[in-house]
Amino acid sequence: MTNSIEKKIEINAPRQRVWTALTDHRQFGTWFGVNIKDAFVVGQVSNGQITIEGFTHVKWQSTIKAMEEPAYFAYTWHPYAIEPDVDYSREPETLVEFWLEEKAGVTRVTVREIGFDKLPAHRLSAALQANTNGWAFQLENIRKYVEN
């Protein structure tokens, strides 16, 4: 079993445009499917509500770890924390990292999520599988959002 997920996508837009879509909490929320209350600030917790059909009962909570404009954005969260009656706060979080590289007006976005090996054994496989599929879906969402 792997400890990480890594996905890449190329977006036909300048890096600064992709950076804004990734780090402005309102724009992030639009393409990701979450209503986030406040701006992303390094060291602070970000709270909100998932708006994706079938997951509207899920709360969004992440801690912003880094915002190094225009190339690196990172946060931690509880992966696949979707059960409304489960308290995930005592579980370790995974680290989600985004890298942005631009070449000739095209931005390559790499997302990597690490730390699955620290999750409770009963959650590891489901969280890894769900987020592997989820990151493919979300990278396509940000591409569509930025290119339209």
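A residue counts as buried when its relative accessible area is under 20%. By that criterion Phe32, at 6% relative accessibility, is buried. The model in the viewer is predicted, and the tour below begins with its sheet before moving to the helices and the aromatic residues.

**Stop 1: the sheet**

Select the seven strands together. They form an open sheet in the order S1-S7-S6-S5-S4-S3-S2, with antiparallel pairing. S1 and S2 stand at the edges with a single partner strand each, so one side of each lacks a neighbour in the sheet. From one strand to the next the twist averages 25°.

**Stop 2: from edge strand S2 to S4**

Select strand S2, residues 34-36, together with strand S3, residues 45-50; three bridges join these antiparallel strands. Two of the facing residues can be labelled here: Val34 stands opposite Ile50 in S3, and the bridge partner of Asn35 in S3 is Gln49.

Next add strand S4, residues 59-68, which runs antiparallel to S3 and is joined to it by five bridges. Across this pairing, Asn47 stands opposite Gln61 in S4.

**Stop 3: from edge strand S1 to S6**

Move to the other edge and select strand S1, residues 4-11, with strand S7, residues 106-114. Eight bridges join the two, which run antiparallel. Glu6 stands opposite Arg112 in S7.

Then select strand S6, residues 94-103, which pairs with S7 in the antiparallel sense over nine bridges. Phe98 has Val111 as its bridge partner in S7. Between S6 and S7 the hairpin has two residues, and Ala104 takes a positive phi near 55° in this hairpin.

**Stop 4: helices H1 and H3 on the sheet**

With the sheet still displayed, which strands does helix H1 touch? Select residues 15-23: H1 packs on the sheet and touches S1, S4, S5, S6 and S7, its direction making about 160° with that of S6. H3 also packs on the sheet, where it touches S1, S5, S6 and S7, and its direction makes about 15° with that of S1.

**Stop 5: helix H2**

Select helix H2, residues 25-32. Six of its eight residues are buried, so H2 is largely enclosed by the rest of the structure. The buried residues are His25, Gln27, Phe28, Gly29, Trp31 and Phe32. To see what surrounds them, display H1, S2, S3, S4, S5 and H3, against which the buried residues of H2 pack.

**Stop 6: aromatic pairs between H2 and S5**

The structure holds 19 aromatic pairs. Two of them can be inspected in turn. In the pair Phe28 and Tyr75, the ring centres are 6.3 Å apart and the planes meet at 85°, so the arrangement is edge-to-face. Because Phe28 belongs to helix H2 and Tyr75 to strand S5 (residues 72-77), this pair ties together parts 47 residues apart in sequence. Phe28 is buried, with a relative accessible area of 0%, and Tyr75 is buried at 1%.

Now select Phe32 and Trp77. Their ring centres lie 6.2 Å apart with planes at 65°, so this pair too is edge-to-face. Phe32 is in H2 and Trp77 in S5, so the contact ties together parts that are 45 residues apart in sequence. Trp77, at 10% relative accessibility, is also buried.

Widen the selection to Phe28, Trp31, Phe32, Phe40, Trp60, Phe73, Tyr75, Trp77, Phe98 and Trp135, which form one aromatic cluster.

**Stop 7: the nonpolar core**

Which residues have the most contacts inside the largest nonpolar core? In this core of 36 residues, they are Phe28, Phe32, Trp60, Tyr75, Phe98, Trp135 and Ile142. Helix H3, residues 121-147, supplies the largest share of the core, with seven residues.

Centre the view on Trp135. Apart from its neighbours within four places in sequence, Trp135 is in contact with Ile5, Lys7, Phe32, Tyr75, Trp77, Val96, Phe98, Val111 and Glu113.

**Stop 8: the annotated region**

Finally, select residues 12-147. An unreviewed UniProt entry annotates this range as "domain: Activator of Hsp90 ATPase homologue 1/2-like C-terminal". Over these residues the chain is 32% helix and 32% strand, and the end C-alpha atoms are 6 Å apart.

Note on methods
Residues numbered from 1 in each chain as written. Predicted model: local features only at pLDDT ≥ 70, side-chain atom pairs only at ≥ 80, totals over all residues. Heavy atoms only, no water. UniProt positions renumbered as here; feature names shortened; annotations may be inferred. Helix = DSSP H or I, 4+ residues; strand = E, 2+ residues; numbered from the N terminus. Phe/Tyr/Trp six-rings, centres within 6.5 Å; stacked < 30°, edge-to-face > 60°. Buried < 20%, exposed > 50% of the residue type's maximum accessible area, 1.4 Å probe, protein only. Pairing = 2+ DSSP bridges. Core = buried A, V, L, I, M, F, W, Y, C linked by side-chain atoms within 4.5 Å. Contact = heavy atoms within 4.5 Å. Axes fitted to C-alpha atoms, helices over the stretch in contact; angles between N-to-C directions.
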